[in-house]
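Visitor: I would like a close look at a single part of this model, taken slowly and with its surroundings kept in view. Could you choose one helix and walk me along it?

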Amino acid sequence: MIALAILSIALVSLLSLANRSVGVAGRLERITEATLLAQGKMSEVEVLARSKEALAEEGTFTDPFTDYAWRLSFQETPLPEVRMVTVTVRWGDEKINEAVEVTSFIADR
């Protein structure tokens with residue numbers, strides 16, 4: 001009887017661990033997708049900055065990534081011809097860390 005009680009407690013613990021790992025895997029998938037989208041948007045920004053085209057400040061991605069939105073921010077650096085660019089990709093509330101940021105430096109030529 002005691003062995004059965006110990007076994008049932010262990011099984012309940014293992015089931016809750018399995019549920020938690022599924023949740024963590026979903027969050028990691030979101031973070032990976034957001035990081036890849038941010039890197040792609042940063043590449044696009046670098047190409048458009050070299051061609052001196054106007055850049056939008058924010059927007060959303062197309063299917064199948066419509067749950068994600070992006071935002072650009074530019075900051076001056078001590079070097080007058082270099083700007084710091086940050087691409088933020090969010091999929092929920094940024095206040096609870098549902099966002100990824102990628103930062104790079106772009107030279108104005």
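Guide: This is a predicted model, and the part to follow is helix H1, in which Ala34, Leu37, Ala38, Lys41, Met42, Val45, Leu48 and Ala49 are buried. An α-helix has 3.6 residues a turn, so residues three or four places apart point the same way. The buried residues of H1 pack against S2, S3 and S4.

As for the overall length of the helix, the 49 residues of H1 should span 72 Å at 1.5 Å a residue, and the 72 Å between its end C-alpha atoms agrees with that. After H1 comes Lys52, with a positive phi near 65°.

The sheet on the other side of this packing is open and has four strands in the order S1-S2-S3-S4, paired antiparallel. Because S1 (58-60) and S4 stand at the edges with a single partner strand each, one side of each is left without a neighbour in the sheet. On average, neighbouring strands are turned by 20° against each other, direction ignored, while H1, which touches S2, S3 and S4, has a direction that makes about 20° with that of S4.

Helix and sheet also share the largest nonpolar core, which has 17 residues and in which Ala34, Phe61, Tyr68, Val87 and Val89 touch the most other members. At least two residues of this core come from each of H1 (2-50), S2 (69-76), S3 (82-90) and S4 (99-107), and H1 gives the most, with six. Leaving aside residues up to four places away in sequence, Ala34 touches Tyr68, Val89, Trp91 and Val100. Two of these contacts, Val89 and Val100, are bridge partners, with Val100 lying in S4, and nine bridges join S3 to S4.

Technical notes:
Residues numbered from 1 in each chain as written. Predicted model: local features only at pLDDT ≥ 70, side-chain atom pairs only at ≥ 80, totals over all residues. Heavy atoms only, no water. Core = buried A, V, L, I, M, F, W, Y, C linked by side-chain atoms within 4.5 Å. Buried < 20%, exposed > 50% of the residue type's maximum accessible area, 1.4 Å probe, protein only. Contact = heavy atoms within 4.5 Å. Expected span 1.5 Å × (residues − 1). Pairing = 2+ DSSP bridges. Axes fitted to C-alpha atoms, helices over the stretch in contact; angles between N-to-C directions.
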